[in-house]
Amino acid sequence: MTTDNSAAVDDGLPERLANFRPVYEALPPADRPAHVARWTALIDAARQRSAAALRLQAWFGSADERQWAGDPNGPRLSAQELMAATRGAAMPYRGPDDDRPRPTAADLADALRQIDQARLDLAQLEERLVELARTEADDRRRLPWTEIADALGLASPQTAQQRYRHSSRLHADTDAALTGGEAGRDE
């Protein structure tokens, strides 16, 4: 008598999203398909950006940066650096030692794929700086929301608070989707 433990229940969660199972099972059944679609889209977009970033670094980084492009443990350029390197390779007047090829339309599309990552990086940096300003200023004085709003060029302290709360929730949900952790961090 053999027992077949390999038969899994098909509950609508693709195998590649298996690490999402705890979050998935906590969702109301009616909400599960929308979350699976969102998680799949996030993972696919992240994979596309990552592959595009490696290609851009290999082609358009400096000589030192290009040597690391094939090494999974090597240093990586940020999204902003990748976009700048691609733009630099496209410039009509380059130095005589610049041996980078001119970017193709596909290369430029790969550079544009980095914009979402750059925006996410910048938003996360803003969120962390606001957290520091509210909790750990060097002189141990918490920066009031009025000063934060002024520094960010926002109309009011309430706008600054709303933007911070929205950003915190968005990053918590995105991180949860990409790692399979819990979403919806509370303030």
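Seven helices, zero strands: that is the chain in front of you. From the N terminus on, the elements read α-α-α-α-α-α-α. Keep in mind that this is a predicted model.

So how far does the confidence go? Mean pLDDT for the chain is 79. Of its residues, 82% reach 70 or more. Two stretches stay under 50. One is residues 1-9, and there the model has zero contacts beyond four places in sequence. The other is residues 183-187, where the model has 13 such contacts, again beyond four places in sequence.

Now the chain overall. There are 187 residues, and buried ones make up 28% of them. The exposed area is about 12500 Å². Carbon and sulfur atoms supply 54% of that area. On contacts, take the pairs at least 6 apart in sequence: 47% of those join residues at least 24 apart.

Let's go to helix H2. This helix covers residues 32-60, which is 29 residues. From first C-alpha to last, H2 reaches 41 Å. At 1.5 Å a residue you would expect 42 Å, and the model comes close to that.

Which residues of H2 are buried? Start at the front of the helix: Arg32, Val36, Trp39, Thr40 and Ile43 are among them. Further along, the list includes Arg49, Ala52, Ala53, Leu56, Gln57 and Phe60. Look at the spacing as you read that list. An α-helix has 3.6 residues a turn, so residues three or four places apart point the same way.

One residue there deserves a stop. Glutamine 57 sits in H2. Is glutamine 57 buried or exposed? Its relative accessible area is 2%, and buried means under 20%, so glutamine 57 counts as buried. What does glutamine 57 touch, once neighbours within four places in sequence are set aside? Glu65, Arg66, Trp68 and Ala69 are among its contacts. Pro75, Arg76, Leu77 and Leu82 are in contact with glutamine 57 too.

Now for a contrast, helix H5. H5 runs over residues 105-135, and leucine 122 lies in it. Leucine 122 has a relative accessible area of 54%. The cut-off for exposed is over 50%, so leucine 122 is exposed.

Leucine 122 also has company on the surface. Leu122, Leu125, Leu129 and Leu132 make a nonpolar surface patch. The area of that patch is about 380 Å². Check the numbering against the helix turn once more: residues three or four places apart point the same way, because there are 3.6 residues a turn.

To close, two residues to find on the screen. Glutamine 57 is buried. Leucine 122 is exposed.

Note on methods:
Residues are numbered from 1 along each chain as its sequence is written. This is a predicted model: local features need pLDDT of at least 70, side-chain atom pairs count only at pLDDT 80 or more; totals for chains, interfaces and linings use all residues. Side-chain values use heavy atoms; hydrogens and water are left out. Patches are made of residues with over 30% relative accessible area and no salt bridge: like charges are joined within 9 Å, nonpolar side chains (Val, Leu, Ile, Met, Phe, Trp, Tyr) within 5 Å. Accessible areas come from the Shrake-Rupley method with a 1.4 Å probe; for residues, only the protein chains shown count as cover. A salt bridge is a side-chain nitrogen of Lys or Arg within 4 Å of a carboxyl oxygen of Asp or Glu. Helices (H or I, at least four residues) and strands (E, at least two) are DSSP runs, numbered from the N terminus. Buried means under 20% relative accessible area, exposed over 50%, partly exposed in between (1.4 Å probe, protein chains only). pLDDT is the predictor's confidence in each residue, from 0 to 100. Contact means heavy atoms within 4.5 Å. The expected span of a helix is 1.5 Å times one less than its number of residues.
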